[in-house]
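The paragraphs below lead a new reader through one structure, step by step. Please keep the sequence and the three-dimensional view at hand while reading.

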2 protein chains.
Amino acid sequence: MSNGNENFVREITPQSQDYSQWYLDVIKKAELVDYAPVKGCMVIRPYGYAIWENMKLGLDRRIKETGHENAYFPLFIPESLLQKEADHVEGFAPEVAWVTKGGQEELSEKLAIRPTSEAMIGEMYSKWIQSWRDLPVLINQWANVVRWEKSTRPFLRTSEFLWQEGHTAHRTEEGAEEETLKMLDVYRDFVENDMAIPVLKGLKTEKEKFAGALRTYCIEALMSDGRALQAGTSHNLGQHFAEVFDITFLDQDDERKYVWQTSWGVSTRLLGALIMVHGDDRGLQIPPKVAPNQIVMVPIMPKNKQELVKEESQKLYDELKKDFRVKLDDREEQTPGWKFNEWEMRGVPIRLEIGPKDIEKEQVVLVRRDNGEKIFVKRDKLHDKLEEVLADIQDSMYNRAKEYLEDNTRVAKDMDELSSIIEEHKGMVKAHWCGSGNCEEHVKDETKATIRLIPFNPNTGEDCISCGKGDSKEVVFARAY
Amino acid sequence: MSNGNENFVREITPQSQDYSQWYLDVIKKAELVDYAPVKGCMVIRPYGYAIWENMKLGLDRRIKETGHENAYFPLFIPESLLQKEADHVEGFAPEVAWVTKGGQEELSEKLAIRPTSEAMIGEMYSKWIQSWRDLPVLINQWANVVRWEKSTRPFLRTSEFLWQEGHTAHRTEEGAEEETLKMLDVYRDFVENDMAIPVLKGLKTEKEKFAGALRTYCIEALMSDGRALQAGTSHNLGQHFAEVFDITFLDQDDERKYVWQTSWGVSTRLLGALIMVHGDDRGLQIPPKVAPNQIVMVPIMPKNKQELVKEESQKLYDELKKDFRVKLDDREEQTPGWKFNEWEMRGVPIRLEIGPKDIEKEQVVLVRRDNGEKIFVKRDKLHDKLEEVLADIQDSMYNRAKEYLEDNTRVAKDMDELSSIIEEHKGMVKAHWCGSGNCEEHVKDETKATIRLIPFNPNTGEDCISCGKGDSKEVVFARAY
């Protein structure tokens, strides 16, 4: 479904000229997403969805390895259920889509399209959990959710998006805290190792935490324009939902107690991070572990050798597809040069060129998307070489992003310094903060930067950047998506 | 989350006493589903969802092997879009859930929660398809859909359900017809081979076809109470949607033409078929290929040998889990006998018992769920034996169901015969039909049986069972879910 006669690459606005337009151009040209005829909704096209499928595989495996099972809960949440937890409804009500009519009849009670499923799951857990033997309950759900957003942007903020949401119940406070941190680290491991995106881990402030949670932990990534992006959150819900949904169990000591809960989620938003961390002016760059095509083969077919090259390419393709996600682009209506641009724009990690001379020499030409390096590889060494280069690309992409994150993490001693760093470089800025909501708000008003997270074991001792109060904690500020 | 002190098995109503209650008991006791606090919606619990996940794997593989890609389209369909195809809206409007409010604002146009996605996808395809080179478009979606049903039943008919829906566009009428039949056969292959459910293939009547289709093909299965269940449908949409959504392409002859489309789907309804084809008075029976646990290990642990048996069981479990989906049930608070009942009720194909004497003799006891056969197997032969028995159970389950289908497919020469067969046995009944909607309606009024399908290459020549018209086609009648 590519529109064969245009030169897509030239149509991508350079990052330096207009980063935001660059992002939209890449998404559109690489056919990741299209706009739907519904406000704020997107169509995830096959190429974009194939990345999401690979991401799901890697994350689902980790979720199961840590003892969780998948389940499916209803899309609809009755209004009365959503309203049970006061903070929760206050946080979510403004962005809920409501079903008021089923078939021809007006509903007696409005139904919320789930913005998240704590309320529904709380209701079910109160039926399922009776005894300490039933705990922990470790359930995850892959689903669509809806949040009626005013201003939207593909992947980053859409009215409907896809995600997974884990919901667990534990016997003790420690059990819930351990789970919250374990899943945060599962997210870090997945995002760093599969998506090649380095992240910072830490705690959200009271102001930024999930509506209804006791504490929210997060992983934060840095986009190549210097803005931060929340890449995943893990919430210790305490007993807030257990109390309002009456989720209790009979403990070994014969006392009836409330469970301790957690919830945690990542979404298609991560695709936005992938684009903005790795992309460049030529388009996408997709890490090998999640790339729909790890390798694209482009046969070079002069008229008099067309049959030979086609045949040899097909043979090689049949061989490679057993072990790699490989695509053979042998369309005759496009030139090799056009294909090189096209697949670079689509971010395929490795291109293999194969022409009559290569066939003669029993070699192929391997070109890396990440650094442009061109390597001649003998056919009998190709399999090992591909494995080696794919692993190296995965590492290099991570290392480059890590270096960028480190280079763009700065320290500010006072408000002036913070303002000028944010204005000039954006990036992550470490500065001390007293813990008050007023100071948090003040910094935001002055710089448009928010506290992205409070690191684990933060440095302490310096004065608050806003009010000057002593013995404050070092936190991370940034402008964020 | 099982409630340890009850004996579930005794709580299952026998099929012969009340088949419908038996179904609900099994679903509840085996923890496949629970009722949600929303009319007609179900929660698919982890054990039920794990079967669905295995089904998805098997079907998704086949869908991809036949050249399709997955994508994701929005949940919401604007009213104006849904109304474009007249038959389609007439068929679906009565059961649509409508969103009328987003956040605090009333929407200017109501949004349907998708009952199916032809309208949304038609709108997108009209943007994506320009040239004959863009064809065929072969896209599938795994998603939730909503149909506001008056009377519901877990898996079989619920307001929200999970499914996959394929949507393809082709250059020619033949291309679309070929695709429609190919996917019908993919369904047959999947349902017969993975779910061990034999099916009949054929064409739906005009009255029973999909709203907006040119022709609907289906696979039909026979439940163990003698009622038929539509297990999957594949629609040749002709150019109906192409015309109203203006999906055209420039053909090689430089003429602009409408595409030919298909759509096809199967849903969580198939789980209902699995329960009703294979289940018995002891509970579920799950074919090995889709069983969450193919094997359950029950250690027999007398007090003085507890440590030894636990240790050996754990060792064996670690070995087996590399190649099988195996569960070790070493709970100490339950007796082996209780566990035998529990896992039989949950339909696990193979139980392995391991006690002190078995350890001494370097053997385990293998018990089949399908026929109760008990086999002593030497430890060093166990792996091969398990593979062999799992394959044999899969085949036996299919063969038993196939035999049941054959035994319960009868021929009726006239209305009296049809009525008495349906009344006495239910099952599938072959009878001749002239093709008129009136006769179809008449048979339904008299017998509550509908035409399930018109076979490919039907027998012809006999008189219509209803009006007596000569040279009619042999079709299949049944009472259906």
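A good place to begin is A:Tyr19, which counts as buried because its relative accessibility is 12%, under the 20% that marks the limit for a buried residue. The model is a predicted one, and the values that follow are computed from it. A:Tyr19 belongs to helix α1 of chain A, which runs over residues 19–29. Although A:Pro37 follows A:Tyr19 by 18 residues along the chain, the C-alpha atoms of the two are separated by 25 Å.

What surrounds A:Tyr19, if residues up to four places away in sequence are set aside? The residues that A:Tyr19 touches are then A:Met223, A:Ser224, A:Asp225, A:Met276 and A:Tyr481. With one of these, A:Ser224, there is a polar contact from side chain to side chain, at 2.7 Å.

Another residue of that list, A:Asp225, deserves a closer look. A:Asp225 sits in the loop of chain A that runs between strand β10 (215–222) and strand β11 (228–238). Does this charged residue lie buried or exposed, and which side chain of opposite charge is nearest? A:Asp225 is buried and yet has no salt bridge, the nearest side chain of opposite charge being that of A:Arg227, 4.7 Å away. A salt bridge needs a side-chain nitrogen of Lys or Arg within 4 Å of a carboxyl oxygen of Asp or Glu. The side chain of A:Asp225 does, however, make a polar contact of 2.6 Å with the side chain of A:Tyr481. Leaving out residues up to four places away in sequence, A:Asp225 touches A:Tyr19, A:Tyr404, A:Lys426 and A:Tyr481.

An annotation from a record can be set beside this. In an unreviewed UniProt entry, the annotation "domain: Aminoacyl-transfer RNA synthetases class-II family profile" covers residues 45–287 of chain A. In the model this span is 33% helix and 32% strand, and its end C-alpha atoms lie 19 Å apart.

A further buried acidic residue is A:Glu192, which is found in helix α6 (residues 173–193) of chain A and counts as buried because its relative accessibility is 11%. Its side chain makes a polar contact with the side chain of A:Tyr398, at 3.5 Å. Apart from neighbours within four places in sequence, A:Glu192 is in contact with A:Ile197, A:Pro198, A:Val199 and A:Tyr398.

The next stop is helix α10 of chain A, residues 336–345, which is largely enclosed by the rest of the structure, because seven of its 10 residues are buried. These buried residues are A:Trp338, A:Lys339, A:Phe340, A:Glu342, A:Trp343, A:Glu344 and A:Met345. Where does their cover come from? What covers them includes elements of chain A, namely α1, β15 (295–299), β16 (326–328) and β17 (350–354). Just after the helix, A:Gly347 takes a positive phi of about 80 degrees.

One of the buried residues of this helix, A:Glu344, forms a salt bridge with A:Arg351, in which the closest N and O atoms are 3.3 Å apart. Both partners count as buried, since A:Glu344 has a relative accessibility of 17% and A:Arg351 has a relative accessible area of 11%.

Over all chains, the structure holds 82 salt bridges. In chain B, one of them joins the side chains of B:Lys110 and B:Glu79, at 3.5 Å from N to O. Because B:Lys110 lies in strand β6 (residues 105–113) and B:Glu79 in helix α3 (residues 79–82) of chain B, this pair ties together parts that are 31 residues apart in sequence. B:Lys110 counts as partly exposed, because its relative accessibility is 22%. Also in chain B, the side chains of B:Arg351 and B:Glu353 meet in a salt bridge of 2.9 Å, N to O; B:Arg351 is buried, with a relative accessible area of 11%, and B:Glu353 counts as buried at 8% relative accessibility. In chain A, salt bridges that share partners join A:Glu31, A:Arg45, A:Glu342 and A:Arg346 into one network.

It remains to ask how chain A and chain B are arranged: what rotation superposes chain A on chain B? A rotation of 180 degrees does so, with 0.0 Å of shift along its axis and an RMSD of 0.0 Å, and the two copies are therefore related as by a two-fold rotation axis. Of the residues of chain A, A:Val99 comes closest to that axis, its C-alpha atom being at 2.1 Å. The copies meet through the same surface, because 100% of the interface residues of chain A are also interface residues in chain B.

How values were computed:
Residues numbered from 1 in each chain as written. Chains lettered and ligands numbered in written order. Predicted model: local features only at pLDDT ≥ 70, side-chain atom pairs only at ≥ 80, totals over all residues. Heavy atoms only, no water. Helix = DSSP H or I, 4+ residues; strand = E, 2+ residues; numbered from the N terminus. Buried < 20%, exposed > 50% of the residue type's maximum accessible area, 1.4 Å probe, protein only. Lys, Arg positive; Asp, Glu negative; His and termini not counted. Polar contact = N/O pair within 3.5 Å; in protein donor to acceptor, adjacent residues only side chain to side chain. Contact = heavy atoms within 4.5 Å. UniProt positions renumbered as here; feature names shortened; annotations may be inferred. Least-squares fit on C-alpha atoms with pLDDT ≥ 70 in both.
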